Every structure is written in structure tokens, then in C-alpha cells.
Amino acid sequence: MSRRAPDAAPADDGRGGSEATGGEAPLLEVTDLVTHFRTPRGVVRAVDGVSLSLRRGETLGVVGESGSGKTVLSRSIMGLLPKHNVIRRGSVRFDGREIGDADSEEMRGLWGTQIAMVFQDPMTSLNPVMKIGRQITEPLLHHLDITKKYARDLALSLLSSVGIPEPERRLGQYPHEMSGGMRQRVMIAIAIACGPKLLLADEPTTALDVTVQAQILDLLQKEQQERYMAMILVTHDLGVVAGRADAIAVMYAGRVVEVAPTRTLFAAMRMPYTEALMRSIPRVAEPSHTRLKAIHGRPPELIDPPPGCRFAPRCEYAQDRCWKEEPALTPGDEPGHYYRCWFPVGTPEGEAARERNRAARSAAPASAPEAPAAPAAGAVAGA
Ligand SMILES: Nc1ncnc2c1ncn2[C@@H]1O[C@H](COP(=O)(O)OP(=O)(O)OP(=O)(O)O)[C@@H](O)[C@H]1O
Ligand code: SF4
Ligand SMILES: [Mg+2]
């Protein structure tokens with residue numbers, strides 16, 4: 001491990017799929033990335049000091065509730081942010097080159113051929129008045145030195161590769177003539193057409209029904225593995241990335257609050273927020289009408305977030321210290337595991353903190369909230 005800033009996971013920490021990729025240099029290294037928006041109400045701290053790294057052939061799952069900053073993070077990496085009222089700091093290194101400060105012309109040279117993105121809703125990314133065939137061949141003709149005939153053949157083979165039946169006929173169709181799942185397959189075909197090294201998939205299945213969701217996720221995984229791409233798979237559902245990502249970064253209120261190789265995260269998570277997300281995954285073994293345990297309360301305002309740990313108002317483990325001091329990313333026992341918590345899950349101090357809060361709650365009147373909305377009675381100061 002060569003470096004470690006208090007707010008950053010080291011880039012060479014061997015997280016996730018590094019077992020498969022050995023000592024290869026990271027393809028993507030994000031260090032202390034900040035993306036804030038100036039608004040009439042104040043500065044929205046959407047991404048607030050995020051560090052990540054990813055090697056070729058690896059998949060990183062980025063998970064968090066709505067509003068945690070996942071899309072702003074993806075767009076910051078892609079250089080797809082609004083031009084005005086944005087405050088942007090930190091470094092994005094892609095394939096050994098700094099692109100954090102690249103202008104739109106420089107980024108256009110990378111889009112498609114080096115970095116591509118699949119968005120949540122294909123209808124907003126596909127051109128509704130252009131036939132599918134042209135939407136696939138245009139970027140091919142723009143980026144690759146090939147004939148129209150060859151571009152058409154490539155488009156046909158791409159459509160077959162993403163599981164679209166009768167590709168010949170589909171080339172002549174408009175997006176509205178296809179189902180949501182088929183449109184998302186087309187988007188994936190367009191994204192991988194020019195052989196990008198990094199694919200960002202932002203909630204690629206949220207708009208689809210459950211069976212189609214699994215098919216699209218399997219397709220993304222197949223393409224990622226066959227083409228040895230790096231992939232960032234963004235989702236609010238930890239279950240979606242469970243079997244698909246080498247490593248998972250959990251985001252909360254603009255920060256990465258836990259990052260670990262997937263197996264480590266599931267076996268030994270330390271953040272109470274990750275534990276709460278885990279409890280909200282439906283389990284096959286449970287009866288079909290079992291109620292999922294939703295995380296009570298709401299994420300904090302990103303304008304002037306409160307001091308201390310941003311999860312404190314919703315945390316079953318919160319103690320006095322949590323309301324005053326924000327924890328830095330701390331290494332766990334396994335390589336590549338980092339978390340931000342004073343009273344980690346599965347540790348004696350964490351268990352003691354939760355027990356104190358439970359005892360305080362059961363001693364309180366029946367109307368008391370389920371988790372402390374302020375420092376719990378009997379809470380200790382400090383760890
Ligand atoms: N252009 C903008 N101007 C001001 N605030 C913005 C802008 N874009 C995003 N935000 C805010 O940044 C925060 C993070 O938004 P983001 O879209 O990244 O969340 P998300 O994690 O992707 O959520 P979801 O799961 O709902 O897609 C939100 O509070 C959002 O309102
Ligand atoms: S125990 Fe404290 S530091 Fe840890 S997540 Fe809960 S509030 Fe944050
Ligand atoms: Mg989003």
C-alpha cells in the first residue's frame with residue numbers, strides 16, 4: 001500500500017477483482033473527487049471527496065440510496081456535468097492520463113472509444129426519430145475508419161451479440177417500436193460498439209421489469225468479461241451487484257462510507273449503513289410476503305450537512321462522538337476494505353454501542369423513535 005489520505009482509499013489497495021488481474025496498474029483512479037453545485041439555496045455537496053480505483057476486467061458496484069451522489073459521480077468521471085455553477089476538484093486518471101480537467105473536446109475523443117455509459121432510461125438516450133441501424137452505425141463510422149457496408153455488418157453482429165433476434169429487421173426500426181428491454185440492449189450495443197475500456201452503467205435496469213432486469217445484468221456481465229472491460233455498475237440495490245461485482249463501494253450523502261472486495265463486504269461489513277442496506281435485500285428463503293426492513297428516516301441535506309457522521313440520525317449504533325466528529329476512512333482487516341465508523345458492526349465496541357441504544361430505547365416512553373434522533377441516553381463520549 002503506497003499512500004493513504006484520511007479521506008481516500010488508496011488506489012493500489014488490491015481491492016475487488018485484483019486476484020484475477022495481478023499487479024496491473026489501475027485503469028481508472030479517482031482521487032478526492034469533489035463535485036458541488038451552486039444553487040439559490042446554497043452549495044449542494046453532491047460528491048464530496050470520493051476516491052476509487054479500478055483495473056481492466058474488474059467490475060466495481062457503486063451502491064447507495066437515492067440522492068447519495070451515484071449519478072453525479074458517474075457523470076463527473078465521464079466529464080458530463082453542467083457547464084455552469086459547478087465546483088469541481090480532485091483527480092480522475094484514466095489509462096495513465098489526467099482527465100479530471102479535460103475540456104469537452106478532449107472528452108469527446110474518449111467517449112465511445114475509451115469510456116462509454118449506459119443510462120437508466122434508454123428512451124432519454126436514444127434518438128426517437130432515428131432508425132436503430134443509423135444510431136449504431138453513426139458512431140462506428142465516426143470513430144473507426146470503415147466503410148458503410150462494414151459498419152452495417154458490425155451493427156448486425158453487435159445486435160446479435162446483445163441478444164436481439166432478427167437483427168436485420170431491427171436495424172430498420174425506430175426505438176418506440178421496441179420493448180424497454182430491447183431498447184436497453186440496443187443502448188448496450190451502442191455503448192460497446194467502439195470497444196471502450198471502461199463502461200459506466202448507471203441503474204441500467206431500473207426502468208425494466210424483474211425478469212428482464214436479470215437478463216440485462218447478465219448481458220452486461222457477459223460483455224464485460226468477453227471484452228475484458230472495466231465496469232462501474234451503479235445501483236441502489238446491493239442485491240444487484242452481489243454476484244456481479246468484484247468490489248463494492250457504498251455511497252452515503254456524497255461520500256464513500258465503505259469499500260471492499262464483494263466477498264469481504266458481505267462476510268464482514270463494518271458500516272451500520274451497509275448492514276441496513278443488506279437487510280433491505282429480499283431473500284429467496286423468506287416467504288414471499290415477508291416485509292423488507294426499510295431504513296427509517298431520510299439521508300441528510302447535502303447543503304450544509306451536519307457535523308459528525310452523516311448517518312448518525314438514522315444509525316442504530318450512534319453515540320455522542322458520532323454527532324461531533326466525522327470518521328475518516330479506516331482500513332479493515334482484509335486488503336482493500338475501508339469504512340467510516342466509530343462503532344463498527346461486528347466489533348465489541350459496535351455491539352456495546354447498539355446494546356446501549358436498545359436499552360435506552362426500551363427504557364424510554366413508547367412513542368420514542370426506533371433509532372436515536374439525538375445522542376442516546378447513556379451514550380458514551382468517544383470510542
Ligand atoms: N445539476 C444539479 N444541480 C443541483 N443539484 C444537483 C444537480 N444534479 C444533482 N444534484 C443533487 O445532487 C445529489 C446527488 O444526486 P444524484 O443524482 O447523483 O443521486 P443518485 O445517487 O444518482 O440518486 P438516484 O438513485 O435517485 O439516481 C442530489 O441531492 C441531487 O439533487
Ligand atoms: S456508529 Fe457512529 S460513526 Fe458509525 S455509522 Fe453509526 S453514527 Fe456513523
Ligand atoms: Mg442516479
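Hi everyone. Two residues are in contact if their C-beta atoms, placed from the backbone, lie within 7 Å. With that in mind, let me start with one helix and the strands it touches. Please remember throughout that this is a predicted model.

Helix H12, residues 272-279, lies across three strands: S3 (59-63), S9 (247-252) and S10 (255-261). Its direction runs at about 105° to that of S9.

Those three strands belong to an open sheet of eight, and the order is S6-S7-S8-S3-S9-S10-S12-S11. The pairing in this sheet is mixed. Which strands stand at the edges? They are S6, residues 115-118, and S11, residues 330-331, and each of them pairs on one side only. At the S6 end, four bridges join S6 to S7 (residues 198-202), and these two strands run parallel. If you want a pair of residues to look for there, take Met117, whose bridge partner in S7 is Leu200.

Now to the other sheet. Here four strands form an open sheet in the order S2-S1-S4-S5, and the pairing is antiparallel. S2 and S5 (97-98) have a single partner strand each, so one side of each is left without a neighbour in the sheet. Helix H2 packs on this sheet and touches S1, S2 and S4, with its direction at about 65° to that of S2.

Let me walk you through S1, since we have details on both of its sides. On one side, ten bridges join S1 to S2, and the two run antiparallel. Leu33 stands opposite Val50 in S2, and a hairpin of two residues leads from S1 to S2. On the other side, eight bridges join S1 to S4, residues 86-94, again running antiparallel. Two pairs are worth finding on the screen: Val30 is opposite Val92 in S4, and Leu28 is opposite Phe94 in S4.

That brings us to ligand 1. Which elements supply at least two residues each of the shell around it? They are strand S1 (28-39), strand S2 (42-54) and helix H2 (70-78). H2 gives the most, with three residues. There are 15 residues around this ligand, and the ones that come nearest are Phe37, Ala46, Ser66, Lys70 and Thr71. By class, the shell has six nonpolar, eight polar and one charged residues.

Ligand 2 has another kind of surroundings. Of the 13 residues around it, the nearest are Cys309, Cys315, Tyr317, Cys322 and Cys341. How does that shell divide by class? The count is 13 nonpolar, no polar and no charged. Just keep in mind, when you read that number, that Cys and Tyr count as nonpolar here.

For the last part, let's look at some helix packing. We'll go along a chain of three contacts, with H5 and H8 each appearing twice.

First up are H8 (residues 180-192) and H9 (residues 210-227), whose axes come within 10 Å and cross at roughly 15°. That makes H8 roughly parallel to H9. The crossing is right-handed. From H8, the residues that meet H9 are Gly181, Gln184, Arg185, Ile188 and Ile192, and in H9 they meet Val212, Gln215, Ile216, Leu219, Leu220, Glu223 and Arg227. This contact has six nonpolar, three polar and three charged residues.

H8 also packs against H5, residues 132-143. Their axes come within 9 Å and cross at roughly 20°, and since angles under 35 degrees count as roughly parallel, H5 and H8 are therefore roughly parallel to each other. This crossing is right-handed. H5 brings Ile132, Gln135, Ile136 and Pro139, while H8 brings Val186, Ala189 and Ile190. Here the division is six nonpolar, one polar and no charged.

And finally, H5 meets H6, residues 148-161. The axes again come within 9 Å, but the crossing is at roughly 120°. H5 and H6 are therefore oblique to each other, and the crossing is right-handed. On the H5 side you'll find Gly133, Ile136, Thr137, Leu140 and Leu141, and on the H6 side Lys148, Ala151, Arg152, Leu154, Ala155 and Leu158. By class, that contact has seven nonpolar, two polar and two charged residues.

That's my tour. Thanks for listening, and I'm happy to take questions.

Notes: Residues numbered from 1 in each chain as written. Chains lettered and ligands numbered in written order. Predicted model: local features only at pLDDT ≥ 70, side-chain atom pairs only at ≥ 80, totals over all residues. Near = placed C-beta within 6 Å. Pairing = 2+ DSSP bridges. Axes fitted to C-alpha atoms, helices over the stretch in contact; angles between N-to-C directions. Parallel < 35°, antiparallel > 145°, perpendicular 65-115°, else oblique. Left-handed = near helix turned anticlockwise from the far one by under 90°.
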